[in-house]
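Here is a friendly walk through one protein model, from its metal site to its charged pairs and its rings. Have a look at the structure first, and then read on.

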Amino acid sequence: MAEYHTGDREYFPKIGKIPFEGPESDNPLAFKFYDPEKKLGRKKMKDHLRFAVAYWHSFCADGTDPFGAATHAHPWVAGAKSPMEAAERKMDAAFEFFTKLGAELYCFHDRDMAPEGETPAESEKNLFSLVSRAKKLQKATGVRLLWGTANLFTHPRFMNGAATNPEFGVVALAAAQVKAAIDATIELGGQGYTFWGGREGYMSLLNTDLKREKDHLARFLSSARDYARKQGFKGVFYIEPKPMEPTKHQYDYDTETVIGFLRYYGLDKDFRLNIEANHAELAGHDFAHELETAAAAGLFGSVDANRGDSQNGWDTDQFPLSYYETATAMYAVLRAGGFTTGGLNFDAKIRRNSVDPADLFIAHIGGMDTFAVGLEIANRIIADGKIPGFVKKRYSSFNSGDGAKFEKGELSFEELAGIGGSAAYGKTGISSGKQEYLENLLNQYLLGL
Ligand code: XUL
Ligand code: CO
């Protein structure tokens with residue numbers, strides 16, 4: 001991976017390539033645990049984790065919150081003569097950042113990359129001008145596109161939704177935008193295309209035809225899929241669940257809801273889940289629960305890596321910090337076969353008062369180290385075999401005899417009930433789930449003992 005910057009236009013001049021220095025290092029600009037070339041099993045750490053940087057948080061977000069103005073003075077905006085020049089400089093800064101950090105993948109929304117024009121055609125022209133710059137930068141650096149997406153939530157026209165808008169004209173405008181974003185993703189060799197239904201939900205049932213909106217969403221997704229396939233897109237489509245925010249209720253509420261939706265509308269061959277840790281928390285689930293649920297349905301795809309704050313009921317999009325959370329997440333990911341087309345996209349932003357240019361690096365370094373530790377622990381849990389072995393044994397009565405017949409559907413309900421009728425009351429079913437033992441074991445793995 002070639003480091004990118006052009007000397008006179010270096011946006012992070014005081015920061016060089018981030019090295020791995022190990023756990024003893026006190027250099028905030030070095031990895032302590034993420035050693036990209038280290039092998040775990042047959043794969044290098046970097047290929048297990050497939051880190052991606054989110055264009056929107058890292059290069060577009062300026063620290064604005066509902067109570068205050070921007071706090072992040074991006075050097076790529078200052079002095080730019082036009083929004084297009086600012087977008088070009090932002091892209092140069094992004095590739096400088098990716099290569100110095102050593103992240104080999106990135107994700108973007110159309111509007112992160114290029115400003116919206118006065119007409120759909122002008123927006124598309126802006127986007128494609130930046131796409132050709134990105135293509136050159138990808139070639140020069142070896143950085144690749146994990147997934148692309150369209151921003152169907154910022155512009156006021158989407159106040160009532162995009163694909164689920166009650167006005168047909170908005171649905172059609174959303175299609176124009178998604179078509180261009182799919183074309184851009186294909187042009188950049190994107191491995192996936194994501195739909196996060198930002199405003200695909202409702203604020204009040206009193207003004208909403210819920211069935212019609214869900215039908216429209218499915219129709220929109222299947223025709224977008226057909227278009228992309230016709231254009232030769234071979235990648236994966238992702239749905240990213242989130243229960244609410246900005247809407248009161250989002251149709252893609254959580255993983256289980258999305259699985260039901262995809263199967264009901266026959267979309268489960270092309271679509272998989274992009275699971276975000278903070279969204280899981282908002283839906284009242286563990287991150288690992290969402291991953292296991294997707295994996296159980298054979299629909300696990302990719303991850304938006306971040307965290308929430310357990311005292312807050314909103315999407316704080318902070319960088320991952322908890323070894324417990326990354327270990328249990330990576331345990332689910334490894335058992336699902338690991339990442340193939342997916343990866344760990346840092347859908348996370350530095351805080352409003354993190355105003356040093358180094359803070360963006362430090363935040364990503366922390367997130368990458370936290371996932372590297374999670375990966376090591378998950379690997380240890382699997383290699384040691386006690387936890388997976390316990391689970392396997394717990395279900396062993398289904399491995400042979402009547403239990404195996406039941407699993408294969410070879411027992412009628414009467415036969416099953418007949419077996420139950422002769423079971424020993426008081427003895428059957430009384431066996432320990434050993435939860436505390438397993439939790440204590442996990443804590444030992446977390447300490448590396
Ligand atoms: C919003 C969110 C989005 C998606 C991409 O909560 O997670 O940034 O990841 O549209
Ligand atoms: Co996300």
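Is Asp270 buried or exposed? Asp270 is buried, with a relative accessible area of 16%; buried means under 20%, exposed over 50% and partly exposed in between, with a 1.4 Å probe and protein chains only.

Before going further, a word on the basis: this is a predicted model, in which local features need pLDDT of at least 70 and side-chain atom pairs count only at pLDDT 80 or more, while totals for chains, interfaces and linings use all residues. Residues are numbered from 1 along each chain as its sequence is written, chains are lettered from A and ligands numbered from 1 in the order in which they are written, and side-chain values use heavy atoms, leaving out hydrogens and water.

**Salt bridges**

The structure holds 25 salt bridges, each being a side-chain nitrogen of Lys or Arg within 4 Å of a carboxyl oxygen of Asp or Glu. Three of the pairs are set out here.

| Pair | Closest N to O |
|---|---|
| Arg352 and Asp65 | 3.9 Å |
| Asp226 and Arg225 | 2.8 Å |
| Arg229 and Asp270 | 3.1 Å |

Arg229 sits in helix H7 (residues 210–230) and Asp270 in the loop between helix H8 (255–264) and E10, so their bridge ties together parts that are 41 residues apart in sequence. Helices (H or I, at least four residues) and strands (E, at least two) are DSSP runs, numbered from the N terminus. Unlike buried Asp270, Arg229 is partly exposed at 29%.

Arg352 and Asp65 form a salt bridge that links distant parts of the chain, 287 residues apart. Arg352 is in the loop between strand E12 (344–346) and helix H12 (357–384), and Asp65 in the loop between helix H2 (55–60) and helix H3 (83–101). Both ends are partly exposed: Arg352 has a relative accessible area of 31% and Asp65 one of 32%. In the Asp226 and Arg225 bridge, Asp226 is partly exposed at 42%, whereas Arg225 is buried at 14%.

**The cobalt site**

Which residues hold the cobalt ion (ligand 2)? Glu240 (OE), Glu276 (OE), Asp304 (OD) and Asp347 (OD) coordinate the ion at 1.9 to 2.1 Å; donors are N, O and S atoms within 2.8 Å of the metal (3.2 Å for Na, K and Ca), and sites may look incomplete without water. The site has 6 donor atoms with angles of 81 to 170° and is octahedral, a label for six donors with opposite ones over 155 degrees apart and all others between 65 and 115. Along the sequence, the donor residues follow the spacing E-x35-E-x27-D-x42-D. Glu240, in the loop between strand E8 (236–239) and strand E9 (249–250), and Glu276, in strand E10 (residues 271–276), are 36 residues apart. Glu240 is buried at 3% relative accessibility, and Glu276 is buried at 1%.

**Aromatic pairs**

There are 30 aromatic pairs in the whole structure, counted when ring centres of Phe, Tyr and Trp (its six-membered ring) lie within 6.5 Å, with planes under 30 degrees apart called stacked, over 60 edge-to-face and the rest tilted. Tyr34 and Phe51 pair edge-to-face, 5.0 Å centre to centre with 80° between the planes, and both are buried. The rings of Phe97 and Phe361 are 4.5 Å apart at their centres with planes at 55°, so this pair is tilted. Phe97 in helix H3 and Phe361 in helix H12 are 264 residues apart. Phe97 and Phe361 are each buried at 0%.

Technical notes. Four donors count as tetrahedral if all angles lie between 85 and 135 degrees; four count as square planar and six as octahedral if opposite donors are over 155 degrees apart and all others between 65 and 115; anything else is irregular.
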